[in-house]
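Here are some worked exercises to try with the model open on your screen. Have a go at each task before you read its solution.

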Amino acid sequence: MAHPEAYIGTRLFIGGVIAQVQNLPDRSLIEVIHKPLSKSFKVPLTTDLSYGRFLVSTRKFLDPTIYTRGKSVTVIGRLSRVQPGIIGKRFYKYPVISASHIHLWADTY
């Protein structure tokens with residue numbers, strides 16, 4: 001996460017907890033708080049540990065009443081670019097993953 005530009009084009013299996021969803025005219029973006037995945041089920045662990053944040057980009061419409069803040073997701077895709085952004089008043093470089101698969105975990109698994 002310190003130098004995401006070095007990994008552009010890399011295929012990733014990554015997950016975390018949804019911070020927000022934004023639907024644009026041509027795609028949806030999920031802002032995810034990056035969490036470690038369990039070894040057995042690949043579900044993001046419930047922990048205060050965070051590896052930072054990333055964005056998931058998909059051409060599919062993601063209903064914000066389903067993809068809600070706090071739900072766990074696991075994503076497979078390629079790191080396509082790094083997008084500048086702001087968290088609070090602090091500059092942040094968001095790695096952007098072009099998703100080939102997004103798994104939204106149920107509240108109980």
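**Exercise 1.** Leaving aside neighbours within four places in sequence, find which residues are in contact with Lys-71. Then work out where Lys-71 is found and whether it is buried, partly exposed or exposed.

*Solution.* Keep in mind that this is a predicted model.
- Step 1: with those sequence neighbours set aside, the contacts of Lys-71 are Gly-16, Val-17, Ile-18, Ile-66, Leu-104 and Asp-107.
- Step 2: Lys-71 sits in the loop between E3 and E4.
- Step 3: the relative accessible area of Lys-71 is 21%. Buried means under 20% and exposed over 50%, so Lys-71 comes out as partly exposed.
- Step 4: for a sense of distance, take Leu-29, which is 42 residues from Lys-71 along the chain. Their C-alpha atoms are separated by 15 Å.

**Exercise 2.** Trace the closed barrel and give its strand order. Then work out in which sense, parallel or antiparallel, E1 and E4, E4 and E5, and E3 and E5 pair.

*Solution.* Go round the barrel one pair at a time.
- Step 1: five strands close the barrel in the order E1-E2-E3-E5-E4, and the pairing is mixed. From one strand to the next, the twist averages 45°.
- Step 2: E1 and E4 are antiparallel, with seven bridges. One place to look is Val-17, whose bridge partner in E4 is Ser-72.
- Step 3: E4 and E5 are antiparallel too, over 14 bridges. Ile-86 has Phe-91 as its bridge partner in E5, and Gln-83 has Tyr-94.
- Step 4: look at the hairpin of E4 and E5, where two residues lie between the strands. Gly-88 takes a positive phi there, near 65°.
- Step 5: E3 and E5 run in the parallel sense over three bridges. Here Ser-57 stands opposite Ser-98 in E5.

**Exercise 3.** Pick out the residues with the most contacts inside the largest nonpolar core, and say which strands each supply at least two residues of this core.

*Solution.* Start with the core itself, then zoom in on a single residue.
- Step 1: this core has 14 residues, and Ile-30, Val-56 and Tyr-67 have the most contacts inside it.
- Step 2: at least two core residues come from each of E1 (11-23), E2 (28-34), E3 (53-58), E4 (72-87) and E5 (90-104).
- Step 3: now take Val-56, again leaving aside its neighbours within four places in sequence. Val-56 touches Ser-28, Leu-29, Ile-30, Val-32, Val-75, Ile-97, Ala-99 and Ile-102.

**Exercise 4.** A search of the whole structure finds one aromatic pair. Which residues form the pair, and is it stacked, tilted or edge-to-face?

*Solution.* Check the distance, then the angle.
- Step 1: the ring centres of Tyr-92 and Tyr-94 are 5.0 Å apart, and the cut-off for a pair is within 6.5 Å.
- Step 2: the ring planes stand at 65°. Over 60 counts as edge-to-face, so that's what this pair is.
- Step 3: compare accessibility. Tyr-92 is partly exposed at 22%, whereas Tyr-94 is buried at 5%.

Terms used. Residues numbered from 1 in each chain as written. Predicted model: local features only at pLDDT ≥ 70, side-chain atom pairs only at ≥ 80, totals over all residues. Heavy atoms only, no water. Phe/Tyr/Trp six-rings, centres within 6.5 Å; stacked < 30°, edge-to-face > 60°. Buried < 20%, exposed > 50% of the residue type's maximum accessible area, 1.4 Å probe, protein only. Core = buried A, V, L, I, M, F, W, Y, C linked by side-chain atoms within 4.5 Å. Helix = DSSP H or I, 4+ residues; strand = E, 2+ residues; numbered from the N terminus. Contact = heavy atoms within 4.5 Å. Pairing = 2+ DSSP bridges. Axes fitted to C-alpha atoms, helices over the stretch in contact; angles between N-to-C directions.
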